[in-house]
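Take a walk through this protein chain, from overall make-up to single residues. Keep the viewer open and follow along.

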Amino acid sequence: MEPEFLYDLLQLPKGVEPPAEEELSKGGKKKYLPPTSRKDPKFEELQKVLMEWINATLLPEHIVVRSLEEDMFDGLILHHLFQRLAALKLEAEDIALTATSQKHKLTVVLEAVNRSLQLEEWQAKWSVESIFNKDLLSTLHLLVALAKRFQPDLPLPTNVQVEVITIESTKSGLKSEKLVEQLTEYSTDKDQPPKDVFDELFKLAPEKVNAVKEAIVNFVNQKLDRLGLSVQNLDTQFADGVILLLLIGQLEGFFLHLKEFYLTPNSPAEMLHNVTLALELLKDEGLLSCPVSPEDIVNKDAKSTLRVLYGLFCKHTQKAHRDRTPRGAPN
């Protein structure tokens, strides 16, 4: 990738260097916030609300935050903030002066935060490295999660999303991609995407939900039988994306090369790759009526898994019905 292209893509000001290939390990990724995203009014409002909340919380300790990007990385303010919010004492040194001791302190704080939020490390949208490297998006994800957990009435701006540039180091050089990062949830009727049948289904009695699951599992097993596969638990067996990709290949006539996905994924990142690929295929075929997050599938969210399978179920059960109906027969 030419440096001039990177300058245009990232909208970098003069004097700021784009990343060199050696800065990223092979397969490594880095996110950048272009200036247009930083100047988004809702993005700026989110930072303002969070900063005022932190300063109000830490007022008794005479701590003042002036920049979420510059003031949160070493764990000092996060340490004080979490102790006040969770009303507990963390076993971490108060003052950490070296990079090593700051990282250690930050590790202690983030482990406690993740336990409090009931998150595994791989589920969190932040890490010790990203916070320590002053990644503003990671810091915002962390602070939004803390606010929702400890002060759910905090008036965060809704549906805050920003465009980010992802730079990835590949065998052929640097590869760039534009993505939209969601920072806060939909909340008003105006913001929310249209509800689908599963929003209503999950309000009904469990036996009705189970009846739908059973119908879809029977459909899936009919289609997977020729591959010698079967599904017993709809909630868990689609989390790694493998059966979902094989099912889509069977139904939609796709040939997926083994190099394109992980047949035996060994990590959450590999599972996420598989599920993301599956959702992209379904989206291209017009089979996703509502947005579905790949993280929700990996995290075994039953409603999201049903949404994905329902599109395939409807298309191919209707097709089978049409194929069985004699021509000229009334509907």
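Of the 331 residues in the protein chain, 43% are buried. The model is a predicted one. The protein chain holds 14 helices and 3 strands. Its accessible surface is about 19,300 Å². Carbon and sulfur atoms account for 52% of that surface. Now turn to contacts between residues at least 6 apart in sequence. In the protein chain, 59% of these join residues at least 24 apart.

Begin with the strands. Strand β1 covers residues 29-32 and runs antiparallel to β2, with 4 bridges joining the two. β2 spans residues 161-170, and β3 spans 173-182. β2 and β3 also pair antiparallel, this time over 10 bridges. The link from β2 to β3 is a hairpin of 2 residues. So β2 has two partners: β1 through 4 bridges and β3 through 10.

A few residues let you check the register. Start at I167. On one side, this residue of β2 is the bridge partner of K30. On the other, I167 stands opposite S176 in β3. Move along to E163, and its bridge partner in β3 is V180.

How enclosed is β2? Of its 10 residues, 8 are buried, so the strand is largely enclosed by the rest of the structure. One residue of β2 to inspect is I165. Is I165 buried or exposed? Its relative accessibility is 0%, and since buried means under 20%, I165 counts as buried. I165 and V180 sit 15 places apart in sequence, and their C-alpha atoms are 8.7 Å apart. V180 is the residue already met as the bridge partner of E163. When you view the strands, one general point helps. In a regular strand, side chains alternate between the two faces of the sheet.

Next, look at a helix residue that contacts this region. L137 lies in helix α8, which covers residues 136-150. L137 has a relative accessibility of 4%, and therefore counts as buried. What does L137 touch, leaving aside its neighbours within four places in sequence? The contacts are K31, L33, F43, V162, V164, E181 and L183. Take K31 from that list. In sequence, K31 and L137 are 106 residues apart. In space, the distance is 8.7 Å from C-alpha to C-alpha.

Now search for enclosed space. Across the whole structure, 1 cavity of 30 Å³ or more turns up. The largest cavity holds about 40 Å³. Which residues line the largest cavity? They are K29, T166, E168, K175 and E177. β2 and β3 are the elements that each give two or more residues to this lining. What classes of residue make up the lining? It has no nonpolar residues, 1 polar and 4 charged.

Compare that with an open site. The second largest pocket contains about 150 Å³ of space. Its lining consists of K259, E260, F261, Y262 and H273. By class, that makes 2 nonpolar, 1 polar and 2 charged residues. The lining of the largest cavity, by contrast, has no nonpolar residue.

Finish with two backbone details, both at lysines in loops. K134 is in the loop between α7, residues 128-132, and α8. Its phi is near 60°, a positive value in a residue other than glycine. K134 counts as partly exposed because its relative accessibility is 30%. That loop leads to α8, the helix that holds L137.

The second case is K300. This residue lies in the loop between α13, residues 294-298, and α14, residues 302-324. K300 is not a glycine, yet its phi is positive, at about 65°. Its relative accessibility is 46%, so K300 counts as partly exposed. The cut-offs make the point clear: exposed means over 50% and buried means under 20%, so a value in between is partly exposed.

Note on methods:
Residues are numbered from 1 along each chain as its sequence is written. This is a predicted model: local features need pLDDT of at least 70, side-chain atom pairs count only at pLDDT 80 or more; totals for chains, interfaces and linings use all residues. Side-chain values use heavy atoms; hydrogens and water are left out. On a 1 Å grid over the protein atoms alone, a cavity is a set of points where a 1.4 Å probe fits but cannot get out, and a pocket is an open set with protein on both sides within 12 Å along at least five of seven lines; lining residues have an atom within 4 Å of a point. Grid points are joined across faces, edges and corners, and a volume is the space filled by probe spheres set on the points. Ala, Val, Leu, Ile, Met, Phe, Trp, Tyr, Cys and Pro count as nonpolar, Asp, Glu, Lys and Arg as charged, and the others, Gly among them, as polar. Buried means under 20% relative accessible area, exposed over 50%, partly exposed in between (1.4 Å probe, protein chains only). Contact means heavy atoms within 4.5 Å. Accessible areas come from the Shrake-Rupley method with a 1.4 Å probe; for residues, only the protein chains shown count as cover. Two strands pair if DSSP finds at least two bridges between them.
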